[in-house]
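Let's take a walk through this protein together, starting with the overall picture and then stopping at a few spots along the way. Have a look at the sequence and the model first.

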Amino acid sequence: MSEETRVFYRNPFADYPMVARGEGAYLIDKKGKKYLDACGGAVVSSIGHGVKEVVEALKAQLDSVEFAHTSQFTNPAQEELAGLLAELAPGGINHAYFVSGGSEAVESAIKMARAYWVQMGRPEKWMVIGREQSYHGNTLGALAAGGNPWRRALYEPMLYQRPRVAPCFCYRCPFNKDPAHCALECAEDLERAILEVGPEKVSAFIAEPVVGATAGALVPHDGYFRRIREICDRYDILLIADEVMTGMGRTGKWFAMRHWGVVPDMICLAKGLAAGYVPIGATLVHDRIVDTFHNRRNVFQHGHTYMGHPLAAAAGVAVIRYIKQHGLIEKSEKMGEELMRRLREALGAHPNVGDIRGKGLFIGVEFVADRATKAPLEPELGFARLLGDTAFGLGLIVYPMSGTIDGRHGDHVLIAPPFVITKAQTGRLVELLVKALDQSLATLRDKGKLKS
Ligand SMILES: Cc1ncc(COP(=O)(O)O)c(C=O)c1O
């Protein structure tokens with residue numbers, strides 16, 4: 001980090017290398033060091049770095065028009081992107097509300113749910129229920145919907161209060177059930193929460209189909225979302241699927257909710273939507289919501305300056321085309337299986353690996369102090385961060401996070417490489433991860449912080 005920097009960094013005490021360029025699954029810094037980007041930054045870079053076709057599409061967009069405010073004009077790029085998304089989304093979800101990132105997509109969904117119920121003559125409905133150990137963004141409304149204590153703590157007095165629902169966390173079932181024989185107690189917990197505050201107050205339930213940042217690719221029980229949908233319908237509550245991480249092919253389907261055949265009322269997208277080429281987000285909306293605005297000739301009272309930005313939308317169109325042309329959804333599924341197999345082979349019996357889980361190229365590895373008891377490593381060890389830093393030093397980028405269990409205890413890394421990763425590169429990824437893991441554990445042992 002330069003002494004003269006005027007950037008207020010995320011972490012002012014970190015020493016960030018200067019990135020110079022990107023090529024496929026690799027990022028290269030100014031000194032020429034290559035990093036295998038095994039998490040797409042933060043589950044963003046789905047088609048890989050430096051894709052010429054996307055760069056050309058952006059240049060072409062800039063040659064025609066760079067910006068025209070959406071209160072005055074529409075633009076061909078956003079019209080085309082909305083059409084493509086409507087074709088890909090599950091039945092009845094036919095409109096896209098464009099924004100600039102994941103938090104904005106969630107904020108828009110929360111406010112749209114409220115606006116919908118007001119139009120339906122139910123103005124008392126406003127509350128959005130979310131789950132423990134979830135993350136929906138850092139703006140205040142999205143943060144309030146999420147359930148990660150570490151991210152919330154500083155801002156807690158500013159966040160609206162509502163009951164939270166248990167996560168669907170089969171490796172550490174909050175109800176101590178075996179997923180093969182459970183009665184989906186975690187889904188039923190939504191009903192408890194709704195009845196606790198009164199269904200008349202609840203506008204929506206929000207969930208990540210596969211929980212990402214906070215808990216490391218938690219795949220739900222197969223029947224979970226069907227039960228959730230039933231409960232939402234029973235109490236007139238909208239279902240918002242936060243697919244900011246899982247959407248656009250990451251789990252091996254365009255949308256993760258497709259794995260269980262459940263149609264939500266809204267889908268939040270960002271990250272993979274333009275794969276990092278330009279920031280963009282979107283809230284995809286079911287006809288039944290859009291129609292209430294159209295039929296009453298109401299505008300949705302919300303909006304941001306950069307919504308529907310032509311450059312962002314052009315990037316989205318180019319990325320979807322690229323994914324289709326190169327069969328990358330199928331690749332995400334196939335390479336996900338390959339990577340999962342290699343990870344389980346290399347780490348499945350490791351004494352400090354408790355669980356390896358995920359779908360497609362969205363994989364979490366959870367670390368433990370003891371496999372038999374599933375006891376986590378002491379939070380003071382900062383294990384995930386140490387592992388992430390060690391891997392980075394070795395030229396492997398993973399997404400480390402602590403607090404997997406309750407916001408404080410537990411450590412995991414998310415692995416979510418670009419869909420263009422090759423077989424050989426998955427081998428290299430696993431090799432470097434094993435090396436980083438062993439080096440991190442050795443560091444702790446050498447310092448006397450870890451026994452055996
Ligand atoms: C599921 C989910 N929702 C929302 C967000 C917020 O997205 P952004 O950081 O683009 O605001 C994230 C970011 O990691 C996320 O994983």
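What share of the contacts in the protein with a separation of 6 or more comes from residues 24 or more positions apart? The answer is 72%. Keep in mind that what you're looking at is a predicted model.

Now for the overall picture. The protein has 13 helices and 15 strands. Along the principal axes, its C-alpha atoms fill a box of roughly 70 × 55 × 45 Å. The radius of gyration is 22 Å, which agrees with the value near 22 Å that a compact globule of 452 residues would have. As for the inside, buried residues make up 50% of the 452 residues.

A good first stop is strand β12, which covers residues 362–367. Here 6 of the 6 residues are buried, so β12 is largely enclosed by the rest of the structure. In a regular strand, side chains alternate between the two faces of the sheet. On one side of β12 you'll find Phe 362, Gly 364 and Glu 366, and on the other Ile 363, Val 365 and Phe 367; all are buried, so both faces are covered.

Who sits beside β12? One partner is strand β11 (residues 353–359), which pairs with β12 in the antiparallel sense over 6 bridges. Within that pairing, Ile 356 has Val 365 of β12 as its bridge partner. The two strands form a hairpin with 2 residues between them, and Gly 360 takes a positive phi near 60° there. Another partner is strand β15 (residues 411–415), again antiparallel, with 5 bridges to β12. In this case Phe 367 has Asp 411 in β15 as its bridge partner.

Next, let's look at a sheet elsewhere in the chain. Strands of a sheet pair through backbone hydrogen bonds, either parallel or antiparallel. This one is an open sheet of 4 strands in the order β1-β2-β3-β13, and its pairing is mixed. At the edges stand β1 (19–23) and β13 (396–397); each has a single partner strand, so one side of each is left without a neighbour in the sheet. The partner of β13 is strand β3 (residues 34–37), and the two pair in the parallel sense over 2 bridges. If you zoom in there, Asp 37 stands opposite Ile 397 in β13.

Time for a helix. Helix α2 runs over residues 52–64, and its 13 residues reach 19 Å from the first C-alpha to the last, close to the 18 Å expected. Which residues of α2 are buried? They are Val 54, Ala 57 and Gln 61. These cover an arc of only 60° around the axis, which puts them on the same side of α2. On the other side, Lys 52, Glu 56, Lys 59, Ala 60 and Asp 63 are exposed. As for what covers the buried residues of α2, this includes α3 (76–88) and α10 (310–325).

Our last stop is a single residue, Ala 241, in strand β8 (residues 238–242). Is Ala 241 buried or exposed? With 29 other C-beta atoms within 10 Å, Ala 241 is buried, given that 20 or more are needed to count as buried. Leaving aside neighbours within four places in sequence, Ala 241 is in contact with Ala 207, Pro 209, Met 257, Pro 264 and Ile 267. Ala 241 and Leu 284 are 43 residues apart in sequence, and 9.7 Å apart in space from C-alpha to C-alpha.

Definitions and conventions:
Residues numbered from 1 in each chain as written. Predicted model: local features only at pLDDT ≥ 70, side-chain atom pairs only at ≥ 80, totals over all residues. Rg over C-alpha atoms; globule rule 2.2 N^0.38 Å. Buried ≥ 20, exposed ≤ 12 C-beta atoms within 10 Å, placed from the backbone. Contact = placed C-beta atoms within 7 Å. Pairing = 2+ DSSP bridges. Expected span 1.5 Å × (residues − 1). Arc of directions from axis to C-beta.
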